[in-house]
Amino acid sequence: MFTKLDEKREGWLWIIIFPLLLFMISYYGFESSYVRLKSMEKAPDFMFSSVYAYRVIPNYLSVHVTEAFTGLVSTFPSFVKSFLLKSGTLFYHSIFLINATFFMLSSWILDRILKLEPTDLLADSTVRRLIHLICIFFLVIVQYVPTNCDSIAVFFYLWGMFFSLKYFKSSQSRDLIVLALIIFVSTLVRETACLNIAFFAAITVDLQLLKKGNYNHIKELLLLVMAFVIPYAGLRMAIPQQASFFEGIYLLKNFTSPYNLAGLLFGIISIYFGYKIADEAGKSVIRKYFLFSTPYLAMIALVGLFWETRLFIPLVLTGIIIASYQFKKYCPQ
């Protein structure tokens, strides 16, 4: 009984409390000159134009949580209001509350993923906790570019990975259906929902069998593709505004700016960390994952900025998770 209580206490400490404190430090202990959300009184206009207009769930939460939090703060004593406003606007605090909530959910689902089918190395709970904290540090570090959508998108991505791995292990139809629903909803958050399809393909599709005409799991993949395409296309038809699919073309800037080159180097080294600690079966899955993620990588180079290292986070987390999963137990030799 006492052992179980200790495990629960340790779980709360390392999975919820410590990550939340790190996240709070990143939002209130460091100043970012990159995005000035701290001084904004309400959701900025750019959230409802260009590609940001299609991130309807984060935008909806940004507006309504700010309204609810503003109403709540109006009932607080004046000294509490003064204290809050010294550390940022009510809109900024609302963004923190939203992101902190999904960040803690991400930490929780990440812990569950690492326990699914751990490698021999992660069978040691102490090592597993260290790997978990490494992932948490990566998530916190990239918050120098705070947004209203990334923490939500990371949670849905990890949640989708969890059900992908469950389906990979047991082939239960219900896991596939839940995964499709997650991708559908996640597409209303951010376009990175497509990476769940790449991950599913990496762990289920055998390229050698595919060359021989064996199309196992293609039907499942088509279901997931439709779960992404339907809301993606629907949003673009439902929001008839002069909004482009991206803000600009940054390809030249990405390979000429020292900041962007530093961001690219950070991404490469971070991704290599997962590849380095993976066994041969894991390395094979990572290579397939990056093959299927080629469109996302191309879009980062073309219309993203390497300096915004948050764009690499799904790839970094995927590498570490793949390295932590015992694929050799299930992959054909």
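These notes walk through a predicted model, from the whole chain down to single residues.

1. **Overall make-up.** The chain has 15 helices and zero strands. Its radius of gyration is 21 Å, and the globule rule gives 20 Å for 333 residues. The two values are close, so the chain is as compact as a globular protein of that length. Along its principal axes, the C-alpha trace spans about 70 × 60 × 40 Å.

2. **Inside and outside.** Of the 333 residues, 49% are buried. The chain exposes about 16,900 Å². Carbon and sulfur atoms supply 68% of that area.

3. **Contacts along the chain.** Take the contacts with a separation of 6 or more. Residues 24 or more positions apart account for 81% of them.

4. **Helix α10, its length.** This helix covers residues 218–238, which is 21 residues. From first C-alpha to last, α10 reaches 30 Å. That is close to the 30 Å expected at 1.5 Å a residue.

5. **Helix α10, its two faces.** Which residues of α10 are buried? They are Glu220, Leu221, Leu224, Ala227, Phe228, Pro231, Leu235 and Arg236. These residues cover an arc of only 145 degrees around the axis, so they sit on the same side of α10. The face turned away from that buried side carries Lys219, Leu222, Met237 and Ala238, which are exposed. Note the leucines: Leu221 is on the buried list, while Leu222 is exposed.

6. **Helix α10, its neighbours.** What do the buried residues of α10 pack against? Four helices are named here: α2 (56–73), α6 (150–170), α7 (173–187) and α8 (194–204).

7. **Cysteines.** The structure holds zero disulfides. Why is Cys149 not bonded to Cys194? The sulfur of Cys194 is the closest cysteine sulfur to that of Cys149, but it is 14 Å away, too far for a bond. A disulfide needs two cysteine sulfur atoms within 2.5 Å. Cys194 is in no disulfide either; its nearest cysteine sulfur is that of Cys149. The surroundings can be checked too. Cys149 has 1% relative accessibility, so it counts as buried. Cys194 has 25%, so it counts as partly exposed. The cut-off for buried is under 20%.

8. **Ser171.** Look at the loop between α6 and α7, where Ser171 is found. This residue has a positive phi of about 55 degrees, although it is not a glycine. Is Ser171 buried or partly exposed? Its relative accessible area is 45%, so Ser171 is partly exposed.

9. **Ile300.** This residue has its place in helix α14 (residues 294–303). Ile300 has a relative accessible area of 5%, so it is buried. Leaving out residues up to four places away in sequence, Ile300 touches Asn254, Leu305, Phe306, Leu311 and Phe312. Lys42 is 258 residues from Ile300 along the chain, and their C-alpha atoms are separated by 28 Å.

10. **Pro118.** The loop between α4 (90–114) and α5 (125–141) holds Pro118. How far apart in space are Pro118 and Phe327? They are 9.1 Å apart, C-alpha to C-alpha, with their positions 209 residues apart in sequence. Pro118 also touches Ala123, Ser324 and Gln326, again not counting residues up to four places away in sequence.

Definitions and conventions
Residues are numbered from 1 along each chain as its sequence is written. This is a predicted model: local features need pLDDT of at least 70, side-chain atom pairs count only at pLDDT 80 or more; totals for chains, interfaces and linings use all residues. Side-chain values use heavy atoms; hydrogens and water are left out. Helices (H or I, at least four residues) and strands (E, at least two) are DSSP runs, numbered from the N terminus. The expected span of a helix is 1.5 Å times one less than its number of residues. Buried means under 20% relative accessible area, exposed over 50%, partly exposed in between (1.4 Å probe, protein chains only). The arc is that of the directions from the helix axis to the C-beta atoms. Contact means heavy atoms within 4.5 Å. The radius of gyration is taken over C-alpha atoms; the globule rule is 2.2 Å times the number of residues to the power 0.38. Accessible areas come from the Shrake-Rupley method with a 1.4 Å probe; for residues, only the protein chains shown count as cover.
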